Amino acid sequence: NFQRAPKGMPVMELNYRKRRLRGACGRCCILLLFSATASSGWLLQPRLFPGFGPASVLPSDGGFMESLVGMSSLVANLATVGAMLYLVHKLSQMNSGSPAIRDAGEVHVSSSPILSPIKRASQFQRQITPLEDLGDGVLHVGMQQTIQTGSSVILKKEGKKDVTINDTPDALMAMKTVFKRLCTSSSETLSVADVRKVHLLLGEPVDDAESKEMLDFFGAKSDDEQVVHFDEFMRWWTSLHDGSADPDDYYSKERYRQRFKVLQCRLKEPNIARIASVAEGDMSSRRYRVYFEQDGQRLSPWHDVPLKNPDGSYNFVCEIPKWSRKKFEIATGEPMNPIKQDVKNGVLREYKWGDMCFNYGAFPQTWEDPKTVSEETGCPGDNDPVDVIEIGTRQRMTGSITRVKILGLIAMIDADETDWKILAIALDDDKAPNIADLNDIDAHMPGATSALTHWLRMYKTAEGKGENRFGCGEKPMGAAFATHIVEETHEAWRRLLASKQQSGSMKRTGSGTDLVLGAED
């Protein structure tokens with residue numbers, strides 16, 4: 001209510017109900033009202049709070065226009081006060097309206113203050129579904145809740161104890177796909193010897209005692225007897241990976257899931273699934289070699305392993321595992337081109353700059369022609385298969401073959417020779433779906449390309465040599481250019497094979513190609 005005071009000044013009269021201001025909301029109201037009036041140049045009568053009766057707010061000084069301006073400012077400040085009080089009210093409603101209910105260690109958010117047992121039971125339903133694709137007696141048990149969904153698969157067999165595997169049907173189906181690819185008979189069974197190979201491929205070799213235990217477990221009379229069905233294999237695998245020390249079964253389950261993921265990725269492509277690497281000799285000696293075999297026949301990792309797969313991926317042959325420094329390489333000058341450790345002045349070579357932070361190897365069926373000068377580097381090729389840097393998170397073993405996709409390229413110049421370094425990532429790597437080109441590398445692995453370039457530039461300085469140089473303006477190139485270079489070196493390899501075949505210096509050994517490069521190549 002506005003009225004004129006005796007001295008001609010306007011008066012704003014505030015009428016209050018006699019009610020108590022409670023809690024933080026009341027304190028905020030009083031504090032903000034004081035702030036609003038003080039900032040507007042108005043004065044509060046002392047009668048404002050003692051009786052909560054009518055009170056007057058008077059302008060402190062100034063004329064009528066100044067008073068109107070101050071009054072407008074006061075109204076704006078009071079509007080701000082109202083908005084803040086409304087926000088405090090809504091926040092208090094949010095905090096008090098959705099209580100959390102703790103049940104068996106889990107926190108479920110409820111929309112009502114009290115959740116009845118009947119309603120709680122309806123939010124936790126047990127669904128049992130037969131899984132015919134995984135075999136007879138295989139059931140899927142799904143636990144569906146408001147927030148979290150649990151899943152397990154039960155293997156049932158007459159006369160044997162039920163086995164519960166805390167995983168999804170999709171994960172089990174992926175494992176069965178791997179199992180079927182390893183089967184050599186139409187009965188979809190493995191021998192004990194085959195199961196040992198599976199353990200070896202998954203990085204968990206079994207000893208003699210476990211092999212004998214395996215025979216008893218499967219009821220096999222010999223290592224070659226085909227008696228192991230998928231459900232029996234899963235019973236054996238589950239018994240080995242007891243989760244008693246891992247109550248949530250996370251680490252053991254995730255471990256075998258990741259290993260099966262790697263194995264499945266390799267077995268998905270039949271061109272490389274049957275190729276195995278065989279080591280001969282002491283690893284610390286100059287006689288150590290890693291050969292490649294398929295169905296008992298030796299292969300050349302350079303000439304017989306295909307460069308590409310039908311799905312468009314490329315096959316990466318690992319020579320030097322990441323986090324190691326022994327300089328292994330494909331021996332282009334030896335029969336069947338095994339992998340060996342390089343020797344200089346009679347001493348096995350190692351990188352003195354430090355362990356590699358990437359997997360290093362080559363693409364098969366490629367060749368950097370020493371008679372062809374590159375426009376990008378101004379130097380001829382280095383007479384070797386094109387080098388590959390695999391930037392994934394897993395360490396790849398010497399002699400392993402991994403399906404990868406091309407991401408980019410670093411044009412290194414080593415001793416005035418072009419030495420392309422193709423950047424790639426394994427398809428089974430967790431980051432592979434998000435990385436498809438050079439820009440994606442730095443987006444998901446910040447600093448990776450600069451660190452790789454620095455390593456390649458400096459690693460020879462530890463041996464007293466100068467720094468390496470780079471072509472392409474000393475900048476890494478993208479996937480399109482890198483793919484072009486790989487295809488170009490593949491054509492160079494095809495020309496090499498044609499010339500060697502015409503001269504009679506190339507021969508076939510079983511299913512393998514025996515081609516040796518000499519000093520004249």
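In this predicted model, pLDDT stays under 50 over residues 143–149, a stretch for which the model has 19 contacts beyond four places in sequence. Across the protein, the average pLDDT is 75, and 62% of the residues score at least 70. Residues 97–128 also have a pLDDT below 50, and the model gives this stretch 44 contacts beyond near neighbours in sequence. The briefing below covers overall architecture, strand pairing, salt bridges, nonpolar cores and individual residues.

**Overall architecture**

- The secondary structure of the protein consists of 12 helices and 27 strands.
- The protein has 521 residues, of which 43% are buried.
- Among contacts with a separation of 6 or more, 60% are between residues 24 or more positions apart.
- The exposed surface of the protein comes to about 28,300 Å², with 53% of it supplied by carbon and sulfur atoms.

**Strand 16 and its partners**

- Strand 16 spans residues 314–320 and is mostly covered, with 7 of its 7 residues buried.
- Strand 23 (residues 401–414) pairs with strand 16 in the antiparallel sense, over 4 bridges.
- Within this pairing, Asn315 has Arg403 of strand 23 as its bridge partner.
- Strand 21 (residues 359–362) also runs antiparallel to strand 16, and 3 bridges join the two.
- Ala362 in strand 21 stands opposite Val317.

**Salt bridges**

- The whole structure contains 21 salt bridges.
- One of them joins the side chains of Arg403 and Asp311, with an N to O distance of 2.2 Å.
- This pair links distant parts of the chain, since Arg403 belongs to strand 23 and Asp311 to the loop between strand 15 (297–299) and strand 16, 92 residues apart.
- The two partners fall in separate accessibility classes: Arg403 counts as buried because its relative accessible area of 5% is under 20%, whereas Asp311, at 45%, is partly exposed.
- Arg403 therefore appears twice in this account, as the bridge partner of Asn315 and, although buried at 5% relative accessible area, as a salt-bridge partner of Asp311.
- Arg349 and Asp342 meet through their side chains in a salt bridge of 3.0 Å, N to O.
- Both of these residues, Arg349 and Asp342, are buried.
- A network of salt bridges links Asp342 and Arg349 with Glu463 and Lys465.
- A further salt bridge, of 3.3 Å from N to O, is formed by the side chains of Arg457 and Glu474.
- Arg457 lies in helix 11 (residues 448–458), and Glu474 lies 17 residues away in the loop between strand 25 (469–470) and helix 12 (479–503), so that the pair links distant parts of the chain.
- Glu474 is partly exposed, at a relative accessible area of 41%.

**Nonpolar cores**

- The largest nonpolar core comprises 42 residues, and Ile389, Ile391 and Ile441 touch the most other members.
- With residues up to four places away in sequence left out, Ile391 touches Leu407, Ala424, Ile425, Ile441, Met445 and Leu452.
- A second, separate core has 21 residues, including Leu172, Val192, Phe218 and Trp237.

**His199 and Trp237**

- His199 is located in helix 5, which covers residues 192–201.
- The relative accessibility of His199 is 1%, and the residue is therefore classed as buried, the limit being under 20%.
- His199 and Trp237 are separated by 38 residues in sequence, and their C-alpha atoms are 9.6 Å apart in space.
- Trp237 is also one of the members of the second core.

**Positive phi outside glycine**

- Most residues other than glycine have a negative phi.
- Asp295, which is not a glycine, has a positive phi of about 55°.
- The position of Asp295 is in the loop between strand 14 (289–294) and strand 15.
- Asp295 has a relative accessible area of 56% and is therefore exposed, as the class requires a value over 50%.
- Ala415 likewise is not a glycine and has a positive phi of about 55°.
- Ala415 is placed in the loop between strand 23 and strand 24 (417–426).
- A relative accessibility of 64% makes Ala415 an exposed residue.

Definitions and conventions:
Residues numbered from 1 in each chain as written. Predicted model: local features only at pLDDT ≥ 70, side-chain atom pairs only at ≥ 80, totals over all residues. Heavy atoms only, no water. Buried < 20%, exposed > 50% of the residue type's maximum accessible area, 1.4 Å probe, protein only. Contact = heavy atoms within 4.5 Å. Areas by Shrake-Rupley, 256 points an atom, 1.4 Å probe, with all protein chains shown as cover. Pairing = 2+ DSSP bridges. Salt bridge = Lys/Arg side-chain N within 4 Å of Asp/Glu carboxyl O. Core = buried A, V, L, I, M, F, W, Y, C linked by side-chain atoms within 4.5 Å. pLDDT = per-residue confidence, 0-100.
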